[in-house]
Amino acid sequence: MKKRIIILGSTGSIGSSTLNILERDLSNFSITLLTANKNYKKLIKQAKKFNAENIIIKDKKYFKYIKNELRNYKTKVYCGNISLKKIIKKKVDYTISAIVGIAGLYYTIEALKITKILAIANKESIVCAWNIIYNLSLKYKTKILPVDSEHFSIFNLTKDFSDNDIEEILITASGGPFLDTPLNKLKSITPTQATKHPNWKMGKKISIDSANLMNKFFELIEATKLFNINPKKYKIIIHPQSYVHSIIRFKNGLIKMILYNTDMEIPISNTIYGFKSDFSNIKNINVEKLNQLTFKKVNIKKFPSIKLLNKCFKIGKLAPIMINAANEELVSLFLKNKIKFLDIVNSLLKLVDDKEFKKVSYKKVKNVDDIYLYDNWARLKIHNISVK
Ligand code: NAD
Ligand code: MG
């Protein structure tokens, strides 16, 4: 029996890497659903190539065109936010959640109800809605696997251990394209410069987050949600080569780390194949790279995003939801050249020191609607704060 697969965000970087993996083994997989936001051309191509059973385009204006293009194919076409339970009657084997931003939450939750395994790359959903996701995973008996390279690595290293056995966890950060750029040059960084990551080819939003290290802010919070380990044990360390993805010091004196090439196909594929992927084509351990592994502390002056972590842990639990929403707004303003590169983190630092923000951070989140409510609140708020 072929394994039935869903790819949420199939036209993106993670989504496309997932399809590359599946393409090499199509006798064992069938595509139950692909989704995209606006990239209708790529979605149509993917639907045809992979004979997808269903596709969803978020943006309604492409719906008719896609339907017409696929009129001679078996693919059913939908648009907007719909109930997956209604269109997919039998549980699928594997879903990857690879939409970017909190926009990924809706289908992450929908997928939880109809998939046996949910591999989550969409870190924003974990950061903002972990309790809801976790409770649904228990209710629907869905296995959750982290895809983010650092978390995939921490997951592998800690799965047979508990908080008690672990002393510290280092999450590595490449430092992005501006690791060696002098602070005064950061003022004039353009979106094109900021989206050029030295080691990874990723979507625009995560590339900007990597350039100012906001990505590490989210990843540290993501780790505290995914793993039952004291948040104080996590640290961020710069490792420009991105060969080591996390380092863990255990109580028993052992230090373990996981190394692999900067290729997201490795974590993705291992979540598909139950950690038994075949990458035997990687002939040798990269000794040259091993000889050049370097690590250093984060320069907080240059990357003040890391300061947000301490501030965030000292206030209410709603803070990450609002910081995420505000960051999404700021990244989008920066990509449209409406604010400067440094304005992103500077505005977020202003936001977390805002009295009203602090007060709201202590409100309780009871359901998904509350998440959207405070997400919206922060989006409006940040427009008043950010320097335009
Ligand atoms: P991307 O921008 O390349 O792709 C995003 C996908 O989401 C696209 O298919 C797009 O059509 C879809 N999408 C965007 N907005 C949407 C909306 N409003 N509604 C529905 N669909 C929408 O992003 P990416 O780099 O593939 O990253 C995806 C997620 O994985 C992010 O959360 C990112 O943080 C995480 N992640 C990515 C990498 C990486 O190497 N790219 C690594 C670790 C984690
Ligand atoms: Mg990562």
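E329 lies in helix α14, where helices (H or I, at least four residues) and strands (E, at least two) are DSSP runs, numbered from the N terminus. At 19% relative accessibility, E329 counts as buried, a term that means under 20% relative accessible area, with exposed over 50% and partly exposed in between (1.4 Å probe, protein chains only). Leaving aside neighbours within four places in sequence, E329 is in contact with R379, I382 and H383; contact here means heavy atoms within 4.5 Å.

The model is predicted: local features need pLDDT of at least 70 and side-chain atom pairs count only at pLDDT 80 or more, while totals for chains, interfaces and linings use all residues. Residues are numbered from 1 along each chain as its sequence is written, chains are lettered from A and ligands numbered from 1 in the order in which they are written, and side-chain values use heavy atoms, with hydrogens and water left out.

**Nonpolar cores**

The largest nonpolar core has 97 residues, and those with the most contacts inside it are F217, Y234, I323 and L348. Such a core is a set of buried Ala, Val, Leu, Ile, Met, Phe, Trp, Tyr and Cys residues joined through side-chain atoms within 4.5 Å. Helix α14 (residues 319-335) supplies the largest share of this core, ten residues. Among residues more than four places away in sequence, Y234 touches I154, I169, I171, L220, A223, T224, F227 and I229. A second core, separate from the largest one, has 31 residues, including I21, I31, L43 and I57.

**The surroundings of ligand 1**

There are 22 residues around ligand 1, of which T11, S13, N37, E124 and G203 come nearest; a residue is near a molecule or strand if one of its heavy atoms lies within 4 Å of it. By class, this shell has ten nonpolar, eight polar and four charged residues. In that grouping, Ala, Val, Leu, Ile, Met, Phe, Trp, Tyr, Cys and Pro count as nonpolar, Asp, Glu, Lys and Arg as charged, and the others, Gly among them, as polar. Backbone atoms of three residues lie at the following distances from oxygen atoms of the ligand.

| Residue | Protein atom | Ligand 1 atom | Distance |
|---|---|---|---|
| S13 | backbone N or O | oxygen | 2.9 Å |
| N37 | backbone N or O | oxygen | 2.9 Å |
| G203 | polar backbone atom | oxygen | 2.8 Å |

Taken alone, ligand 1 exposes 830 Å², and the protein buries 87% of that; accessible areas come from the Shrake-Rupley method with a 1.4 Å probe, and for residues only the protein chains shown count as cover. The elements that give two or more residues to the shell are α1 (13-23) and α6 (123-139).

**Strand β2 and the loop before it**

T32 is found in strand β2 (residues 29-36). With a relative accessible area of 0%, T32 is buried. Beyond its neighbours within four places in sequence, T32 is in contact with R4, I5, I6, E53, N54, I88 and V92.

D25 and L26 both occupy the loop between α1 and β2. D25 counts as buried at 16% relative accessibility, whereas L26 counts as partly exposed at 32%. The side chain of D25 makes a polar contact with the side chain of N28 (2.8 Å). A polar contact is a pair of N or O atoms within 3.5 Å; within protein, one must be able to donate a hydrogen and the other to accept it, and residues adjacent in sequence count only if both atoms are side-chain atoms. L26, leaving aside neighbours within four places in sequence, is in contact with K2 and F50. The C-alpha atoms of L26 and K2 are separated by 8.6 Å, although the two residues are 24 apart along the chain. D25 and M257 are 232 residues apart along the chain, with 30 Å between their C-alpha atoms.

**Positive phi in two loops**

N51 has a phi near 50°, a positive value in a residue other than glycine. This residue is placed in the loop between α2 (40-50) and β3 (54-57) and is partly exposed, with a relative accessible area of 41%. F275, also a residue other than glycine, has a positive phi near 65°. F275 lies in the loop between α11 (265-272) and α12 (287-291) and counts as partly exposed at 29% relative accessibility.

**Helix α16**

E356 is found in helix α16 (residues 355-361) and is partly exposed, with a relative accessible area of 43%. Not counting residues up to four places away in sequence, E356 touches W377 and K381. From C-alpha to C-alpha, E356 and Y273 are 47 Å apart in space, and they are 83 residues apart in sequence.
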